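Work through the exercises below with the sequence and the model side by side. Each task is followed by a solution that goes step by step.

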Amino acid sequence: QVHLVESGGSVQTGGSLKLSCAGPGYTFGSNCLAWFRQPLGFPGMSRTGIATIYTGDSSTYYDDSVKGRFTITYDSAKNSVYLQMNDLKTTDSDTYYCAAKKNDAGGCRLYGFRENSYEFWGKGTQDGGSS
């Protein structure tokens, strides 16, 4: 069983934050990697996809809510995916999850934000609180 591991910090309005996600024992090559978010304190709610990257060609896609503020990147040497978040707003105070699935470029582009299409997930960042 593959478990992804996220790390990050607290959202501070107006500030920046970089989230990291590693996949111990799993190679992210030829994968669609994504960051999803879920309202803090509502674990039963569906997760919203906000950024995806296809590791085969580094194509990226963003939800309109984060476009221009967030950047998703992939480091093959570290087998990790990152989410750089800038100009943070109070509405960004969510729990963030990384997700991965074997896919091709077209599938990542068309279905990269579909929560139920992903095979592997992290447990989510623990603190999405704002200040």
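**Exercise 1: the chain as a whole**

Task: State what share of the chain is buried, and then describe its overall dimensions and its elements.

Solution: Buried residues, meaning those under 20% relative accessible area (exposed is over 50%, partly exposed in between, with a 1.4 Å probe and protein chains only), make up 44% of the 131 residues in the chain. This is a predicted model, in which local features need pLDDT of at least 70 and side-chain atom pairs count only at pLDDT 80 or more, while totals for chains, interfaces and linings use all residues. Residues are numbered from 1 along each chain as its sequence is written, and side-chain values use heavy atoms, with hydrogens and water left out.

The next step is the size. For 131 residues a compact globule would have a radius of gyration near 14 Å, and the chain, at 13 Å, agrees with this; the radius is taken over C-alpha atoms, and the globule rule is 2.2 Å times the number of residues to the power 0.38. Along the principal axes, the C-alpha atoms fill a box of roughly 40 × 30 × 30 Å.

Last come the elements, which are DSSP runs numbered from the N terminus (helices: H or I, at least four residues; strands: E, at least two). The chain has 9 strands and 1 helix, and their order from the N terminus is β-β-β-β-β-β-β-β-α-β.

**Exercise 2: two threonines and a serine**

Task: Determine where Thr52 lies and which residues it is in contact with, leaving aside neighbours within four places in sequence.

Solution: Thr52 belongs to strand 4, residues 48-54, and it is buried because its relative accessible area is 1%. Its contacts (heavy atoms within 4.5 Å) beyond four places in sequence include Cys32, Leu33, Ala34, Ile72, Cys108 and Tyr118. Ser59 is also among the contacts of Thr52.

Ser59 itself is found in strand 5, residues 59-62, and counts as partly exposed because its relative accessibility is 22%. Not counting residues up to four places away, Ser59 touches Thr52, Ile53 and Tyr54. Ser59 and Thr73, which are 14 residues apart in sequence, have their C-alpha atoms 9.6 Å apart in space.

Thr95, in strand 8 (residues 94-102), counts as buried because its relative accessibility is 10%. With residues up to four places away again not counted, Thr95 touches Phe36, Arg37, Gln38, Leu40, Gly124 and Thr125.

**Exercise 3: aromatic rings**

Task: Say how many aromatic pairs the structure holds, and examine the pair formed by Tyr118 and Trp121.

Solution: There are 7 aromatic pairs in the structure. Rings of Phe, Tyr and Trp (its six-membered ring) pair if their centres lie within 6.5 Å, and planes under 30 degrees apart count as stacked, over 60 as edge-to-face and the rest as tilted. The pair of Tyr118 and Trp121 is edge-to-face, at 6.0 Å centre to centre and with 65 degrees between the planes. Both Tyr118 and Trp121 are buried. In addition, Tyr26, Phe28, Tyr74 and Phe120 form one aromatic cluster.

**Exercise 4: positive phi**

Task: Describe the phi angle and the surroundings of Ser30 and of Asp87.

Solution: Most residues other than glycine have a negative phi. Ser30, although not a glycine, has a positive phi of about 55 degrees; it lies in the loop between strand 2 (17-22) and strand 3 (31-39) and is partly exposed at 43% relative accessibility. Asp87, likewise not a glycine, has a positive phi of about 50 degrees, is found in the loop between strand 7 (80-85) and strand 8, and is partly exposed at 42%.
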